[in-house]
Amino acid sequence: MEEAISTRDIILDAALELAEETSWENVRLHHIAQRTGLSLNQIRQYFREKEELVDAWLDRADQAMLEETNRPYFPAISPRERLNRLFMAWLEALSPHRQVMRQMVFNRLEPGHLHMQLASLLRISRTVQWAREAAQRDQVFLFRALDETALTSIYLITFLCWLNDPTEYHRRTRRLLDRILRTGEIIGSLKPSFLRSKKQEQTFTKTSFPSGP
């Protein structure tokens, strides 16, 4: 199993390196085969098509996001701070190849790539669901649907900002995300008490956590 994971990573890393040298549009699987010394048949065992490399790259970001929950401070911080940390961990995992990520996104948005766009919607939903699990969001029924919609919007707005954020440590993105989450927390605190569980009411107390870079 370790060998399979290692080979998969080698293929993905080679694809990202080639995209940095040229562009994601110009990368072909036979280029990756030449770079890695693998045959196309070997690559096909891990990736049936080029687009699956994008999903593998996003899987790494999901993994980094979920690993954030293993930080010693994570259980003690507020729901807002959890989401902040989770979304930024996801983005930081992609940061080494931000320009390539932009190219991947634009490639999927091109006319005629409807199947890719549908896959992207499912991908967004999956990441948001994992973010909800990691942040321990326990809403049910209508409130769960509203929470999912709100988090999806926050995720997309933050992601689009990050794609075009040249600032050091993505400070502009960090400020935007913090502002949105603070606004959401204020709005949530205004809900009538009968719509909030005791657990939700306790989330509005401020908890300090380590600052970003």
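A residue is taken as buried when its relative accessible area is under 20%. By that yardstick, 39% of the 213 residues of the protein count as buried in this predicted model. The protein has ten helices and zero strands, so the pattern read along the sequence is simply α-α-α-α-α-α-α-α-α-α. As for how the chain folds back on itself, take the contacts between residues at least 6 apart in sequence: 66% of them join residues at least 24 apart.

Three helix pairs are worth walking through. Two packed helices are described by the angle between their axes and the distance between the axes. Helix 5, which covers residues 79–94, turns up in two of these pairs, with helix 8 and with helix 4.

Helix 4 (residues 51–67) packs against helix 5 at an angle of about 140°, the axes lying 8 Å apart. That angle makes the two helices oblique to each other; the cut-off for roughly antiparallel is over 145 degrees. The crossing of helix 4 past helix 5 is right-handed. On the helix 4 side, the contact is built from Trp57, Leu58, Arg60, Ala61, Asp62, Ala64 and Met65, and on the helix 5 side from Leu86, Ala89, Trp90, Ala93 and Leu94. Sorted by class, these residues come out as ten nonpolar, no polar and two charged. The charged ones are Arg60 and Asp62, both from helix 4.

With helix 8 (residues 141–163), helix 5 makes an angle of about 40°, and here the axes are 11 Å apart. This pair is oblique as well, since angles count as roughly parallel under 35 degrees. Helix 5 passes helix 8 in a crossing that is again right-handed. Helix 5 brings Leu83, Phe87, Trp90, Leu91 and Leu94 to the contact, where they meet Leu151, Ile154, Tyr155, Thr158, Phe159 and Trp162 of helix 8. The tally by class is ten nonpolar, one polar and no charged residues. Trp90 and Leu94 of helix 5 appear in the contact with helix 8 and also in the contact with helix 4.

The polar residue in the contact between helix 5 and helix 8 is Thr158. Thr158 sits in helix 8 and is buried, with just 2% relative accessible area. What does the side chain of Thr158 have for a polar partner? A polar atom of that side chain lies 2.7 Å from the backbone oxygen of Ile154, and Ile154 is itself among the helix 8 residues that meet helix 5. Setting aside neighbours within four places in sequence, Thr158 touches Leu91, Thr173 and Leu177. Of these, Leu91 belongs to helix 5, while Thr173 and Leu177 fall within the 171–189 span of helix 9.

The pair formed by helix 6 (residues 98–109) and helix 7 (residues 114–135) has a different make-up by class, with two nonpolar, three polar and one charged residues in the contact. The axes of these two helices come within 7 Å and cross at roughly 120°, which makes helix 6 oblique to helix 7. Asn107, Arg108 and Leu109 of helix 6 meet Met116, Gln117 and Ser120 of helix 7.

One of the polar residues here, Asn107 of helix 6, counts as buried at 9% relative accessibility. Beyond neighbours within four places in sequence, Asn107 is in contact with Glu25, Glu51, His113 and Met116. Glu51 lies in helix 4, which spans residues 51–67, and Met116 is in helix 7. Asn107 and Gln117 are ten residues apart in sequence, and their C-alpha atoms are 9.7 Å apart.

Finally, a word on backbone angles. Most residues other than glycine have a negative phi. Phe141 has a positive one, near 55°, and so does His170, with phi also near 55°. Their surroundings are not alike. Phe141 is in helix 8 and counts as exposed at 70% relative accessibility. His170 is found in the loop between helix 8 and helix 9, and at 11% relative accessibility it counts as buried.

Definitions and conventions:
Residues numbered from 1 in each chain as written. Predicted model: local features only at pLDDT ≥ 70, side-chain atom pairs only at ≥ 80, totals over all residues. Heavy atoms only, no water. Axes fitted to C-alpha atoms, helices over the stretch in contact; angles between N-to-C directions. Helix = DSSP H or I, 4+ residues; strand = E, 2+ residues; numbered from the N terminus. Parallel < 35°, antiparallel > 145°, perpendicular 65-115°, else oblique. Left-handed = near helix turned anticlockwise from the far one by under 90°. Contact = heavy atoms within 4.5 Å. Buried < 20%, exposed > 50% of the residue type's maximum accessible area, 1.4 Å probe, protein only. Polar contact = N/O pair within 3.5 Å; in protein donor to acceptor, adjacent residues only side chain to side chain.
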